[in-house]
Structure formats: structure tokens, C-alpha cells
Amino acid sequence: MVAAAFEPLVPAVLEFNERGVPVSAVYQDSYHPPDGPLGQAQRVFLHGNGLPERWQGRRQFTICETGFGLGASFLASWQAWREDPARSDKLHFVSVEAHPFRQKDLAVLYARLPEELQEQAQELLAAWPMLVPGIHRLELDGGRVTLTLAFGQAETMMRELQCHADAFYLDGFAPRGNPAMWSRSVLGQLVRLAAPGATAASWCCAGQVRRDLTSVGFEVEKVPGGGGKWCTIRARLRPHLGRRGNLPEQQGRVVVIGAGLAGAACAWELARKGLPVLVCDPVLSKGLDASHQGHRLAAISPVFALDDAPLARLSRTAVLHAWRGWKALPEAVRPRRVGTLVFGQAGNSDADIQQALTRLALDTDWVQWLDREQGSALAGALLQGGGLYFPQGMVVDPAALVAYLLDHPLIQCLPEQVALQAGQESGVWELRSLNGDVLECSNRVVIAAADQSLDVLAGTVQSASSMPRLAAMQRLAGQVSYLPAGQALTTGEVTLSGQGYILPVDTNGQVIGSTYERFGESAQVSAQGHQQNLKKVSAMLADPALGVDTPESGWAGWRCALSDHLPVMGFVPGQPGLFMAAAYGSRGLSWSLLAASLFAAYCLEEPIPLERRLEQALIPR
């Protein structure tokens with residue numbers, strides 16, 4: 001049995017006291033004062049932080065809250081921001097919650113809110129994330145408002161957050177029932193998360209809280225309260241504390257080297273946020289979809305681990321992030337949810353997997369166990385056994401998606417092989433053609449060139465030996481096979497994944513795969529590859545597919561991977577502004593948008609959409 005590496009998420013239970021106020025049986029406390037949540041939000045948190053005045057005229061303003069609860073303070077802040085004609089261009093709200101409400105319970109609570117808040121409340125309800133641990137980034141109000149929710153215990157998740165908070169809402173159940181929320185270890189994280197001049201406010205006026213806030217770096221004062229509170233507190237960060245991002249002001253267009261999934265996603269995410277981008281890759285001479293031309297369908301399949309190890313946590317964040325980011329794209333290019341049924345996950349026994357499911361207590365909308373009969377009914381074919389079912393598994397046309405992402409008015413695509421050299425000014429890179437012409441000078445560069453990423457780096461860092469993890473990156477050829485619709489192995493709308501995979505059948509037939517050739521000199525479709533794919537998928541089926549005619553067509557390409565199967569997404573050490581997105585292995589569709597959002601958050605000084613411990617595991621090294 002593997003020791004649990006995370007804390008199971010326990011949703012809130014909707015209960016009311018005799019006055020109709022929602023309460024928590026766990027903490028023996030109410031969610032808001034008897035006069036309602038909005039008065040406290042406006043009186044204590046907005047007014048206590050000098051809002052709305054402090055966000056006026058700003059490019060963006062970031063609020064960090066220690067307990068989301070019903071979301072009333074967020075909704076009140078959003079409403080005040082919308083009503084302010086001098087508001088900041090963007091509002092970022094970051095909040096931790098150990099016991100989030102289920103969507104249906106929030107709907108009950110939000111029905112009680114005033115009419116003027118219903119538009120925002122219903123938009124939040126529609127975007128409300130699945131209740132699984134980790135960080136969830138929601139874009140609201142046409143992308144002008146972001147809500148970053150960290151689901152988990154405050155002592156854990158406050159350490160995982162990264163932002164430049166201009167204001168803090170110190171909220172949560174009273175210290176007598178929930179002392180961990182008000183501990184010095186939690187309050188101490190505020191300084192790490194604070195921008196210069198940050199303020200804080202709370203209804204909690206306990207002496208120990210005031211002393212701890214003072215000791216970690218705030219100047220604290222008591223002020224008269226209201227709504228049944230005789231005093232509240234306001235605080236301001238000491239002048240020498242707080243920080244902003246370490247990236248200098250942008251020079252030139254953002255340069256993306258590589259036009260595959262990794263590069264296309266980065267370019268699109270930056271362009272949709274208003275940044276001009278130059279994408280360079282010789283493959284573009286064959287079209288915007290050249291990196292995946294002929295690749296009809298691919299899967300976005302989640303990962304499971306008995307201890308919810310980093311790969312599984314990252315997969316959960318990335319898959320949910322991809323759906324939220326791409327679900328509104330045109331039908332021909334957006335992912336389609338079909339679910340994924342996984343067999344023999346990481347070589348563990350069925351009993352171990354089922355025990356881990358019970359222990360981790362993950363939402364069944366994320367993962368559940370299906371026995372052989374249930375799985376066979378879903379697949380439309382008799383299977384060898386049961387497996388893990390991920391309802392959020394998706395399929396997508398990768399060629400169509402890449403072409404769509406690159407076809408943006410702020411993106412210029414250049415079909416050239418380029419070299420990167422350090423410019424005369426520190427932190428600025430020169431992008432040169434093979435004949436030496438300078439194509440662009442920029443201090444924002446994304447290297448997304450798969451196995452050639454190290455070659456691109458060679459001109460910018462002294463030695464790749466200083467990054468042994470990257471130096472060990474493997475280049476793998478892979479082939480998928482196309483079966484005619486009449487020879488489809490399954491009929492259900494689900495992906496089957498084991499040693500190989502079977503995608504749902506459509507009008508074009510069925511895609512099965514995939515081979516892994518470690519030492520191949522070229523990626524080519526072959527009869528031998530087709531036979532390997534048929535053998536792999538047969539291990540999942542009760543009736544082997546070996547009698548099926550050898551497919552006549554397929555697609556072959558390259559993938560790059562590291563031994564720990566984690567991708568690389570982060571800044572090259574010692575090279576601010578030089579970001580690498582590579583080693584995606586067979587999960588390029590899973591990782592690409594998360595990496596793109598990570599880089600965009602760095603560039604724009606937005607809250608980071610990834611847990612800090614995961615981010616640190618992915619940096620180039």
C-alpha cells in the first residue's frame with residue numbers, strides 16, 4: 001500500500017441554523033453574520049482595503065482571499081468592480097477553500113442573493129469547477145475577471161499559490177473552531193504573495209491574529225466594526241516588503257520557436273491576451289497544420305497514481321484546464337468529451353487501484369472504477385476486464401486544432417529555421433535566419449522545438465550538461481493505424497487505453513495506436529507498425545483483433561519524453577524571459593495549454609495557474 005501524498009477533498013454540506021443562516025457542522029460556525037454576507041464583504045473587505053479607489057486606473061488588480069466559502073466576497077468585489085467606470089482593466093481574485101460547495105448547493109445559496117448579483121452568480125455557477133484538489137482557473141466576464149480557486153487545506157494551498165496580491169481578504173471560520181486557518185504559517189505566506197503596498201482586512205480581531213500579522217510584516221490597526229462586530233482589523237504591508245515579477249518590460253514581439261502543439265498553444269494564448277507573436281518553424285512551409293498533417297484524431301487521456309503523485313496531479317490540472325480553455329472553439333477543432341477507460345494503470349493490480357480510489361476519494365466525475373460488464377457496455381465490445389473510467393477524457397483533431405491556434409491576426413508564422421543568440425542588451429535575444437539576418441529582437445522567447453530544443457539552447461547557454469534532465473530527453477517515433485469503419489473494434493463513444501489505445505469510431509473509421517520506436521531514424525507508416533498496434537489493442541479485448549486485415553493507412557510522427565514522463569515547462573535557469581515547452585511525450589494535447597497559460601501568467605504578472613511544487617518539478621534542468 002502506497003502512503004497517501006495528498007489530503008482528500010471533503011465538500012461542504014449545506015445546512016442552515018434556526019435563523020436561516022448557512023452553517024458548517026465541521027467548524028460549528030456560520031458562513032456569514034445574520035445580516036447577510038454582502039454587508040460584511042462591502043463593510044469589512046472592500047472598504048477595509050480601500051476599494052474601489054485603489055484599483056482605479058490600474059492595468060490589473062489582484063485580491064487574495066484565505067477562505068472562499070459561499071463566494072459572497074468575490075461576487076461583491078466583482079459587482080463593485082463592474083459598477084466602477086474607473087476600474088482596472090482586469091480583476092484577479094485568488095481564493096483558497098478546504099470544503100467547497102457542490103454546484104447544486106451553491107445554486108440554492110445563490111437563489112437567495114439580491115437580483116443585482118444574479119447575473120454574476122449564474123455565470124460563476126455555470127463555470128464552477130469539479131471538486132477535486134488543486135488549482136482551478138476560471139475566466140469570467142469575457143476574460144476581464146479571473147478567479148483562481150485553490151481547493152485544499154489553507155496550510156497546504158497557501159504555500160502552493162503564486163501571485164502579486166494588492167489586497168488580502170482574511171476570511172474563514174473563527175479561530176476557536178478553525179485555528180489552522182489563522183495560524184502563523186498561513187499568515188506568513190501573505191508576505192510572499194504580496195505586491196508592494198499590499199493591504200489586508202478581516203472581521204477577526206483576535207489578539208493572536210493581530211500579533212502574528214505584525215510579526216510577519218504588516219502594520220495592523222483595530223477599527224470600529226459593524227454588523228454585530230465591535231471591531232475589525234486593517235493592515236498594510238511594511239514599505240520594504242512585497243514584490244513584483246522579475247521580468248523586465250517587454251521588448252519586441254514574443255518569439256515562439258516551433259509550430260507543433262506546444263508552440264501553437266503558447267502563441268495562441270499570448271495572442272488572445274493581446275500580445276503580438278512571431279512563430280518560426282521550417283515545417284510551416286507545408287501549411288499551418290504541417291506538424292500533424294494526416295493525424296486524424298488523438299486522445300486527451302488523464303493519468304492516475306495510487307498516491308496521486310505529481311504526474312497524476314499535473315494531468316488532472318492540465319486536462320481540466322484544456323477543456324475550460326478550448327471548449328468554446330469552433331466545433332471542428334475543439335475537443336470532444338468521450339471519456340477514457342484505462343486498463344492496467346502503471347502495472348498496478350485491480351485491487352490496489354480500487355483501494356486507492358476509496359482512499360483518495362476523488363470525485364466520480366473525474367475517475368471511477370468500472371467492472372468488466374460495465375466497461376464492455378460502454379465500449380460496445382467485450383473486454384478482458386475492468387478498468388479506470390475517466391469521464392473527462394477527450395478526443396480532438398490535432399491538425400485542425402494546431403492550424404486554428406496559429407491562424408490569429410496577432411500571430412505571424414515564418415517558415416524558417418532560426419538560431420537564437422544573446423543580444424547586446426542583457427536579457428534580449430536575437431532571432432537570426434540561417435544567413436545571419438536578424439529577424440527579431442525580443443526578451444520573451446518560447447523554445448518549443450521538441451528534440452531540437454537543446455540545439456536552440458546551445459547558442460544561449462554555456463553547456464547543456466548543466467541541465468542533465470534535458471540532456472537525457474529521448475526522441476521516439478510513433479505510428480497510429482487507421483481502420484475502416486466496417487472493421488472498427490469498438491462501437492462505443494469512449495477511448496480505450498492500455499498498452500495501446502482505441503479511439504471512438506467516426507465517419508472516417510477508427511484510430512488505433514501506438515508504436516514507440518526508440519532508435520528509429522525516421523517516422524514512417526509501415527505494415528510492421530500496423531501489426532504492432534493490432535497486437536497492443538488486442539490485450540484489452542476479449543476477442544483479439546489479430547484477425548483483422550492489416551490497415552492500409554495511418555500516420556507517423558515524433559515525440560520527445562523524459563524518464564519521469566513529466567513535461568518541461570518553465571524558464572531556463574539564469575535566463576529570465578527564455579521559456580521552454582518541451583518533452584510532452586504522448587501527452588502534448590494535455591500539457592500544451594497549461595504550459596501556455598503558465599508562460600502568459602509570468603509575462604503579464606497574473607496569478608500562476610499551477611501549484612508551486614508542480615511548477616518547480618517542471619523547470620528545465
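**Strand β12, a helix crossing and some unusual backbone spots**

In β24, Ile-257 finds its bridge partner in Ile-447. This pairing comes from a predicted model, and it belongs to a set of three bridges that join strand β12 (residues 254-257) to strand β24 (residues 445-447), with the two strands running parallel. On β13 (residues 277-280) there is a parallel pairing too, this time with four bridges to β12. Here Val-254 is matched with Val-277. Getting from β12 to β13, the chain passes through helix α8 (residues 261-272), and the resulting β-α-β crossover is right-handed.

What about the side chains of β12? Val-254 and Val-256 point one way, while Val-255 and Ile-257 point the other way, and all of them are buried. That fits the usual picture, since side chains in a regular strand alternate between the two faces of the sheet.

Turning to helix packing, the axes of α9 (residues 310-326) and α16 (residues 588-604) come within 8 Å and cross at roughly 80°. Angles from 65 to 115 degrees count as roughly perpendicular, so α9 and α16 are roughly perpendicular to each other. On the α9 side, the residues in contact include Leu-311, Leu-314, Val-319, His-321 and Trp-326, and these face an α16 set with Leu-589, Trp-591, Leu-593 and Leu-594 among its members. Small residues take part as well, including Ala-318, Ala-322 and Gly-325 from α9 and Ser-590, Ser-592 and Ser-597 from α16. Sorted by type, the contact has 10 nonpolar residues, seven polar and no charged ones.

The backbone also has a few spots worth a look. Two peptide bonds are cis. The bond from Leu-51 to Pro-52 has omega near 15°, and Pro-52 sits in the loop between α1 (37-48) and β4 (60-65). The other bond does not involve proline: it runs from Gly-513 to Ser-514, with omega near -5°. Ser-514 is found in the loop between β28 (510-513) and α15 (527-538).

Positive phi values turn up in residues other than glycine. Gln-28 has phi near 50° and lies in the loop between β2 (22-24) and β3 (29-30). With a relative accessibility of 63%, Gln-28 counts as exposed, because the cut-off for that class is over 50%. Glu-605 has a positive phi of about 55°, and its place is in the loop between α16 and α17 (612-618). At 19% relative accessibility, Glu-605 counts as buried, because that class takes in values under 20%.

How values were computed
Residues numbered from 1 in each chain as written. Predicted model: local features only at pLDDT ≥ 70, side-chain atom pairs only at ≥ 80, totals over all residues. Heavy atoms only, no water. Buried < 20%, exposed > 50% of the residue type's maximum accessible area, 1.4 Å probe, protein only. Pairing = 2+ DSSP bridges. Right-handed = clockwise from strand over helix to strand, strands pointing away. Axes fitted to C-alpha atoms, helices over the stretch in contact; angles between N-to-C directions. Parallel < 35°, antiparallel > 145°, perpendicular 65-115°, else oblique. Contact = heavy atoms within 4.5 Å. Nonpolar A, V, L, I, M, F, W, Y, C, P; charged D, E, K, R; others polar.
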